[in-house]
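Subject: Handing over a structure

Dear colleague,

I am passing on to you the structure shown just below, and after it I have set out what was found in it. Please keep it open beside this message while you read.

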Amino acid sequence: MPRRIFVTTALPYANGPFHIGHIMEYIQADIWVRFQRMQGQQVHFVCADDAHGAPIMLKAEAEGISPQQLVARVAADRPRYLQGFHLSFDHWHSTDSPENTRLSQDIYARLKAAGLIYRKSVEQFFDPLKGMFLPDRYVKGECPNCHSPDQYGDACEVCGTVYAPTDLIDPYSALTGAKPLLKASEHLFFRLSDPRCVAFLEDWLGTPGRLQPQVVNKAREWLAGSGAQALADWDISRDAPYFGIPIPDAPGKYFYVWLDAPIGYLAALESYFESGKAAANGEPRSFEQFLAAPDTEQIHFIGKDIIYFHTLFWPAMLRFAGPPYRVPAHVYVHGFITVSGAKMSKSRGTGLSPLRYLEIGMDAEWLRYFLAARLNGSVEDLDFNPDDFVARVNSDLIGKYVNIASRAASFITRSFNGELKFSGDTRELVRAAGDTAALVQKSYENREFGRAMRDIMAFADRINQEFDARKPWVLAREQSRAGELQDVCSRALYGFKLLSVLLTPVLPAVSGRVARGLFGLDRGFVWSDAQVLPDRINPYEHLMTRVDPRQLDALFDSGVPGAPAANAAAATPAAATAAAATAAAASGNTVLSIDEFRRIELRVARIVRAETIDGADKLLKLTLDLGTETRTVFAGIKSAYDPASLTGRLTVVVANLAPRKMKFGVSEGMVLAASGEGQGPFLLSADAGATPGMRIT
RNA sequence: GGAAAGGUAGCUCAGCCGGUUAGAGCACGGCACUCAUAAUGCCGGGGUCGAGGGUUCGAGUCCCUCCCUUUCCA
């Protein structure tokens, strides 16, 4: 009887493209899911875009489109990533869907019937110009602790103090700059502090094997908190205008996005069932039957930043909503990914753009393997180090693993017409393979992928050692020892088959080529193939290429489509080193392809206005006419130019540079100027006849 | 401020309930080999296991203090 597993990854917020953190989580879950499927377990792997909330509403408004349009645009981009990284989701949905509306309203009604919902008046900042209540992040002001200006309403980025928006000195609305008013409004609350919830959560958290110990500790801390740290009830409503799901019995109020986001897991599952894909995947029951069945395992993969929601609110909501809803069997938490030791954040992005990774032709399976080698079952962070990436992939995957097939297959093809033959008793061989498979199986199950990869590579080492010891290239010279040669190579190729089976969850594409191409199967590998001796092979075809370190330079290049936020992080060490590396490469012999050059959008611009800025020694504020639009650009040319002399002249601007927030405002491009040692800058200009907006090619 | 995780060779990490001379991969040096899209094998250098104290016959492994890093605080 196979396990019936419903797996999700955290829902990505639909206001932008995936970053490397998303991809890491999906790869982790995908490896686990593929491993389960290979064992014959029934897995339903779904996810969805988290579409609601004020940030999306406001972003859409700023772009002059509806939130639905914004979400649809982001969603349209998802498949490139999902397919590109071999992520085998069975279904991808959205929280802005009829299923989610129905489920959210249903769960709310049940919680209300259980006496866990109440109303309370809340005083909150209100933007009088915009006519809306302001989320904490949209109130800014001076930090009450260190007096840094322009800090967000929840915490100070300079000194780290956490506070309420009302603690800010001289608060203002980040939307309009208006002084916000304190205004009262009735909000709906979920009574998490109810003794029933607390008792249930104690029990749920304490179930052995359900959660990682560190996660239980963290959740218990919140649960057992007293005084200022006491477990608080949860404010689940927001007032209009809000992009979300309306609360049925509270006109003008919507569910807070974090209420309907996890319910989106179920909405995605329901949509998956409705689409018929579940049935195609071997599940004949209805969505509700499946959900309610006691043997259904509901498993969530999440990052450590959202433990609170997934280990307290979410199980409590499900438990007290009652059947068919069931509590999660496991919530598996992973840490963050850093790039060259620099932390990344959702708002700033990171130096490593997944889309860029794919666009420059890097192999998705390199990244899958690298991450697998680093991932374990704990919540520790993991670092993406370019040098290590190259070493790991080239040494393990190419040098050890792929090389086995490459070196052994040629003998078999040349001398034995593809036929494998083992001398002597093969039971010991198969048994040893079974032992290794069992070891690796346990590690995969526990998400100890790093350990699994170590054990797999240790096995690869043994194959290479044995191959070396028996010197098949010497045997090949002696006709009389053909049997021995065939045995050596057959054993190596069986070992290669075993390795391929064990690596299938991590390297699905390579594994597929090995199964179908080399071993001539009409299907991909399943786990039990580990203990089946192959009897023949097809001629070896190249399976995987090495990483060229120069690709890493290209990866960390800036000005990347698909990573609009990344450039803003230029102040971080990672970006700085990457930029330095790029600069170093540029001054060397690095050659730019024409495609790479075309990515840089150079245009002619007319300087409409040039102004000095109070407090800036080097910068001038330029207002540029680009033909179809006007832009503000800050240029460090004050030392060489009098603002008045610039007005009206033509120059060249990098038009697709990511906007960069500077001390004096946002710079929307870069004007080009030459400079040498102690000389310059000298602004570039265009000859007569050029007009603003012309593209430079 | 409160809390959590972690500090082991140049790098990335293994070291379970304390037990012989602290391990692996990568990198580095040397040798061997030539079957493999320069891939492999063997040998070697290199660590007072963050610091100090304690428990113990014995501690990287347990306890205390301190230092450092990272993260979380709805």
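A good place to begin is Arg-447, which lies in the loop between helix 14 (427-445) and helix 15 (449-470); helices here are DSSP runs of H or I with at least four residues, strands are runs of E with at least two, and both are numbered from the N terminus. Although Arg-447 is not a glycine, its phi is positive, at about 60 degrees. Arg-447 counts as buried because its relative accessibility is 6%, where buried means under 20% relative accessible area, exposed means over 50%, and partly exposed lies in between (1.4 Å probe, protein chains only).

Before going further, please note that this is a predicted model, in which local features need pLDDT of at least 70 and side-chain atom pairs count only at pLDDT 80 or more, while totals for chains, interfaces and linings use all residues. Residues are numbered from 1 along each chain as its sequence is written, chains are lettered from A and ligands numbered from 1 in the order in which they are written, and side-chain values use heavy atoms, with hydrogens and water left out.

Lys-471, in the loop between helix 15 and helix 16 (472-475), is another residue other than glycine with a positive phi, near 45 degrees. Lys-471 is partly exposed because its relative accessible area is 41%.

Two cis peptide bonds also deserve your attention. One joins Ala-240 and Pro-241, with omega about -5 degrees, and Pro-241 sits in the loop between strand 11 (237-239) and strand 12 (253-255). Another joins Pro-323 and Pro-324, with omega about 5 degrees, and Pro-324 belongs to the loop between helix 10 (307-321) and strand 14 (330-334).

Turning to the interior, the largest nonpolar core has 170 residues, of which Phe-190 and Phe-389 touch the most other members; such a core is a set of buried Ala, Val, Leu, Ile, Met, Phe, Trp, Tyr and Cys residues joined through side-chain atoms within 4.5 Å. Helix 13 (residues 386-416) gives the most to this core, with 14 residues. A second, separate core of 19 residues includes Leu-58 and Ala-60, and these two are among the buried residues of helix 2 (residues 54-63). The buried residues of helix 2 pack against helix 3 (67-84) and strand 5 (132-133), and after helix 2 comes Gly-64, with a positive phi near 75 degrees.

Asn-100, in helix 4 (residues 98-113), is buried because its relative accessibility is 0%. Beyond its neighbours within four places in sequence, Asn-100 has contacts (heavy atoms within 4.5 Å) with residues including Thr-95, Ile-245 and Asp-260. A polar atom of the Asn-100 side chain lies 3.0 Å from the backbone oxygen of Thr-95.

Finally, a word on confidence. Chain A averages a pLDDT of 83, and 86% of the residues score at least 70; pLDDT is the predictor's confidence in each residue, from 0 to 100. Over residues 344-349, however, pLDDT stays under 50, and over residues 559-596 the pLDDT is below 50 as well. Where pLDDT is low, the predicted coordinates should not be read in detail.

With good wishes

Notes:
A polar contact is a pair of N or O atoms within 3.5 Å; within protein, one must be able to donate a hydrogen and the other to accept it, and residues adjacent in sequence count only if both atoms are side-chain atoms.
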